[in-house]
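Here are a few exercises to work through with the viewer open. Try each task before reading its solution.

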Amino acid sequence: MSLLGSIVSKILHPFGGGDAQAKPADAPAQPSAGGSDAPASTGTGTPAGGPVDVEAVLNGMAAKNAQSLNWRTSIVDLMKLLDLDSSLTARKQLADELHYTGDKDDSASMNVWLHKQVIKKLEENGGKVPADLKD
């Protein structure tokens, strides 16, 4: 599974639910885990119960995490919160998946761009994202 697919799945489908329609745009289709407690998809990428509150899901995960992670502005912390590899190599891979055209050696600029794009992709795939995260 792509890094973006892993991010979207862990936030919008934390119990392995969803279907091929719920995968992020740009992510390859993966077989569904099936047999989960997650809500069914409407076929538009939005779970049948309505949009997933991204902020609530991530705040809940952060409350259970021993580290103090600033997932709201840091792609590194967001990836750590999701228990994903947050190394520069992994972030460059994510940048490739999201078609980043900037200088990947300028990690600060790339990181800001990545965070914005991940938030945008979460919204495109059925997440309810508060306005302050879209800035």
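**Exercise 1. Confidence**

Task: Work out how far the predicted model can be trusted along the chain, starting from its average pLDDT.

Solution. Start with the whole chain: this is a predicted model, and its pLDDT averages 81, with 74% of the residues scoring at least 70. Next, go element by element. Helix H4 has the highest mean pLDDT, at 98, and helix H6 (residues 131–134) the lowest, at 90. Finally, look for the weak stretch. Residues 18–46 have a pLDDT below 50, and beyond near neighbours in sequence this stretch makes 46 contacts in the model.

**Exercise 2. The buried side of H4**

Task: Find which residues of helix H4 (residues 88–97) are buried, and say where they sit around the axis.

Solution. Step one is the list: Ala90, Arg91, Leu94, Ala95 and Glu97 are buried. Step two is the geometry. These residues cover an arc of only 160° around the axis, so they sit on the same side of H4. Step three is to ask what lies over them. The cover includes helix H1 (3–12), helix H3 (75–81) and helix H5 (107–124). While you're there, step just past the end of H4: His99 takes a positive phi of about 60°.

**Exercise 3. The core**

Task: Identify the residues that touch the most other members of the largest nonpolar core, then the elements that build it.

Solution. The core holds 30 residues, and those touching the most other members are Ile11, Leu58, Ile75, Leu78, Leu94, Val118 and Leu122. Now sort by element: H1, helix H2 (54–63), H3, H4 and H5 each give two or more residues to this core. H1 gives the largest share, six residues.

To see one member up close, pick Leu122. Skip its neighbours within four places in sequence, and Leu122 is in contact with Val8, Ile11, Leu12, Val54 and Gly127.

**Exercise 4. A histidine in H5**

Task: Decide whether His115 is buried or exposed, and list its contacts beyond its neighbours within four places in sequence.

Solution. First place the residue: His115 is in helix H5. Then check the accessibility. The relative accessible area of His115 is 5%, and the cut-off for buried is under 20%, so His115 counts as buried. Last, the contacts: leaving aside neighbours within four places, His115 touches Trp71, Arg72, Thr73, Ser74, Ile75 and Leu78.

**Exercise 5. Salt bridges**

Task: Take the salt bridges of Lys128, Glu55 and Lys134, and work out which parts of the chain each one connects.

Solution. A search of the whole structure gives seven salt bridges. Take the named ones in turn.

- Lys128 pairs with Asp53, at 3.5 Å from N to O. Lys128 is in strand E2 (residues 127–128) and Asp53 in strand E1 (residues 52–53), so the bridge ties together parts 75 residues apart in sequence. Lys128 is partly exposed at 47% relative accessible area, and Asp53 is partly exposed at 28%.
- Glu55 pairs with Arg72, with the closest N and O atoms 2.8 Å apart. Glu55 belongs to helix H2 and Arg72 to the loop between H2 and H3, so this pair ties together parts 17 residues apart in sequence. Glu55 is partly exposed at 24%, and Arg72 is partly exposed at 26%.
- Lys134 pairs with Glu123, at 2.8 Å from N to O. Here the link runs between helix H6, which holds Lys134, and helix H5, which holds Glu123, 11 residues apart. Lys134 is partly exposed at 46%, and Glu123 is partly exposed at 34%.

One last step is to look for shared partners: salt bridges join Glu55, Arg72 and Asp132 into one network.

**Exercise 6. The aromatic pair**

Task: Locate the one aromatic pair that a search of the whole structure finds, and classify its geometry.

Solution. The partners are Tyr100 and Trp113, with 4.8 Å between centres and 50° between the planes. Stacked needs planes under 30 degrees apart and edge-to-face needs over 60, so this pair is tilted. Now place the rings: Tyr100 is in the loop between H4 and H5 and Trp113 is in helix H5, 13 residues apart. To finish, compare accessibility: Tyr100 is buried, with a relative accessible area of 14%, whereas Trp113 is partly exposed at 24%.

Conventions: Residues numbered from 1 in each chain as written. Predicted model: local features only at pLDDT ≥ 70, side-chain atom pairs only at ≥ 80, totals over all residues. Heavy atoms only, no water. Buried < 20%, exposed > 50% of the residue type's maximum accessible area, 1.4 Å probe, protein only. Helix = DSSP H or I, 4+ residues; strand = E, 2+ residues; numbered from the N terminus. Arc of directions from axis to C-beta. Contact = heavy atoms within 4.5 Å. Core = buried A, V, L, I, M, F, W, Y, C linked by side-chain atoms within 4.5 Å. pLDDT = per-residue confidence, 0-100. Salt bridge = Lys/Arg side-chain N within 4 Å of Asp/Glu carboxyl O. Phe/Tyr/Trp six-rings, centres within 6.5 Å; stacked < 30°, edge-to-face > 60°.
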